[in-house]
Amino acid sequence: MEAVSTIEGRAIPLGLKNIDTDVIIPAHWLKTVSREGLGKGAFETIRQTPGNPFDVEDFAGAPILIAGDNFGCGSSREHAAWAMLDLGLTAVIAPSFSDIFSGNAFKNGILAVELPQEQVDRLLEVAKDHPITIDLENQVVTTPFQDRFAFEIDPFRKHCLMGGLDEIGLTLERDAAIENHEKQRAAGLPWLDTPNKNRREHA
């Protein structure tokens, strides 16, 4: 998982409420178990509408999406997070998120920033022509116009995102403790590491 610290660039000003996971990635794209190529189907129905923000040249490769209330509602499909990453999105700003989507986003290295509606409205306006910066370390979203919007994030999620740590990475952080435990176990309970025949003899 890629480490997240500062995300800076253009932000797609979507702003729509109740964008569910079927809108993020339609069901007919779920036949694959690969994360690659799902960006082609991301927000497919919205992108079919002429003039939609996803197809505006200025937002090509934008790392940030600004959405409306209750983003990521609906089914629990993790493909939604995969599709957004494949599209190049590494952060979403919205007034609120579905709990399941928020969890899936976090596990895949997407930063979900929750801000009050009036601050999201301001960012939607700025994003039309200017970049936005998300500083995870200091937990603040800023604009070139001195806007400064603080946000809250669970300390554990912040630690994982900044360190690029998924479940495997978190386990490897405890590598020394695991190795020490294995040595102590081998010394005190050596039969646990012997063939099954010898285990039965010690039973």
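Helix H5 (residues 117–127) lies across strands E6, E7 and E8 and runs at about 140° to E8. Here helices (H or I, at least four residues) and strands (E, at least two) are DSSP runs numbered from the N terminus; axes are lines fitted to C-alpha atoms, for helices over the stretch in contact, with angles from 0 to 180 degrees between N-to-C directions. The model is predicted, so that local features need pLDDT of at least 70 and side-chain atom pairs count only at pLDDT 80 or more, whereas totals for chains, interfaces and linings use all residues. Residues are numbered from 1 along each chain as its sequence is written, and side-chain values use heavy atoms, with hydrogens and water left out.

The strands crossed by H5 belong to an open sheet of four strands, ordered E1-E6-E7-E8 with antiparallel pairing. Two strands are taken to pair if DSSP finds at least two bridges between them. Strands E1 (6–9) and E8 (148–150) form the edges, each pairing on one side only. On average, neighbouring strands of this sheet are turned by 15° against each other, direction ignored.

Within the sheet, E1 and E6 run antiparallel and are joined by four bridges; Ile-7 has Ile-134 as its bridge partner in E6. On E6, Ile-134 also stands opposite Val-141 in E7. Three bridges connect E6 (residues 132–135) with the antiparallel E7 (residues 140–142), and Asp-135 is placed opposite Val-140 of E7. Four residues separate the two strands in the E6 and E7 hairpin, where Gln-139 takes a positive phi near 55°. Both faces of E6 are covered, with Ile-132 and Ile-134 buried on one side and Thr-133 and Asp-135 buried on the other. The term buried denotes under 20% relative accessible area, exposed over 50%, and partly exposed the range in between (1.4 Å probe, protein chains only).

The largest nonpolar core comprises 27 residues, of which Ile-24, Phe-43, Leu-65, Phe-71, Met-84 and Val-92 touch the most other members. A nonpolar core is a set of buried Ala, Val, Leu, Ile, Met, Phe, Trp, Tyr and Cys residues joined through side-chain atoms within 4.5 Å. Two or more residues each come from H3, strand E4 (91–94) and helix H4 (99–107), and H3 gives the most, with five. Another core, of 25 residues, lies apart from it and includes Ile-66, Val-141, Phe-151 and Ile-153. Beyond its neighbours within four places in sequence, Phe-71 is in contact (heavy atoms within 4.5 Å) with residues including Ile-19, Ile-24, Phe-43, Met-84, Ser-98 and Phe-101.

Helix packing is seen between H4 and H6 (residues 155–163), whose axes come within 10 Å and cross at roughly 35°. Ser-102, Gly-103 and Phe-106 of H4 meet Phe-156, Arg-157, Cys-160 and Leu-161 of H6. By class, this contact has four nonpolar, two polar and one charged residues; Ala, Val, Leu, Ile, Met, Phe, Trp, Tyr, Cys and Pro count as nonpolar, Asp, Glu, Lys and Arg as charged, and the others, Gly among them, as polar.

Positive phi values also occur at two asparagines in loops. Asn-18, in the loop between strand E2 (11–13) and helix H1 (21–24), has a phi of about 55° although it is not a glycine, and is partly exposed at a relative accessible area of 49%. Asn-70, in the loop between strand E3 (64–66) and helix H3 (79–87), has a positive phi of about 65° and is partly exposed at 27% relative accessibility.
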